[in-house]
Amino acid sequence: MTTIDKPTATPLRRLYFVRFAFAIVWAALLFLTAKSHLGPIGVVLVVGYPLFDVAAAVVDARSSRAAGLYVNIAISLLAGIGLAIASASGVPAVLRVWGAWAIVAGLVQLIVAVGRRGMGGQWPMILSGGISVLAGANFILGAGAADPSLAAVAGYAVLGGIFFLVSAIRLGRAGDARLRRA
């Protein structure tokens, strides 16, 4: 395992707020457009989410050298490609690919967040990573249901967004506490 440099909390905090807002808007759009059928908008949404994750990880990697972020970039790029291909086969295939991505990305998130514990505000990210692993397994199992739906994926994004929001707030408090001690 490589050493993780500590990024400054302010850029990371801003990034977490942006990720929260994106997740909420994305989930609402997915829920409204692609529950059990993938139209063109649904395809753009399911492919766009991991690509946004790539962009966010690139921004994050600029302020830290966490090896897991580079792994996350590669995984999310592969997920975007896999989801584009799976979209042609329908919701069950999308759920399987999304599930595999959620499992692997959740493990990476968990490792990065544990490495960042010292900067504060990372417990929500640790929990989010663990929940992502469990949710990913659930997506894979749910793909075999009689009428699989992407509604759970929208809920997953909302929960992930909430974890980013809580972490951003905690990072602000941890920064404020450090300033008061200085």
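How much area does the chain expose, and what share of it do carbon and sulfur atoms supply? The chain exposes about 8900 Å², of which carbon and sulfur atoms supply 70%, with accessible areas taken from the Shrake-Rupley method with a 1.4 Å probe. This is a predicted model, in which local features need pLDDT of at least 70 and side-chain atom pairs count only at pLDDT 80 or more, while totals for chains, interfaces and linings use all residues. Residues are numbered from 1 along each chain as its sequence is written, and side-chain values use heavy atoms, leaving out hydrogens and water.

The chain has 6 helices and 0 strands, where helices (H or I, at least four residues) and strands (E, at least two) are DSSP runs numbered from the N terminus. Of its 182 residues, 48% count as buried, meaning under 20% relative accessible area with a 1.4 Å probe and protein chains only.

One pair of helices can be followed in detail. The axes of α2 (residues 40–63) and α4 (residues 91–115), lines fitted to C-alpha atoms over the stretch in contact, come within 11 Å and cross at roughly 15 degrees. That makes α2 roughly parallel to α4, a term for angles under 35 degrees. Where they meet, V46, Y49, P50 and D53 in α2 face V94, W98 and W101 in α4 through contacts, that is, heavy atoms within 4.5 Å.

D53, found in helix α2, counts as buried because its relative accessibility is 7%. Leaving aside residues up to four places away in sequence, D53 touches R19, N72, S76 and W101.

Terms used. Axes are lines fitted to C-alpha atoms, for helices over the stretch in contact, and angles run from 0 to 180 degrees between N-to-C directions. Angles under 35 degrees count as roughly parallel, over 145 as roughly antiparallel, 65 to 115 as roughly perpendicular and the rest as oblique. Buried means under 20% relative accessible area, exposed over 50%, partly exposed in between (1.4 Å probe, protein chains only).
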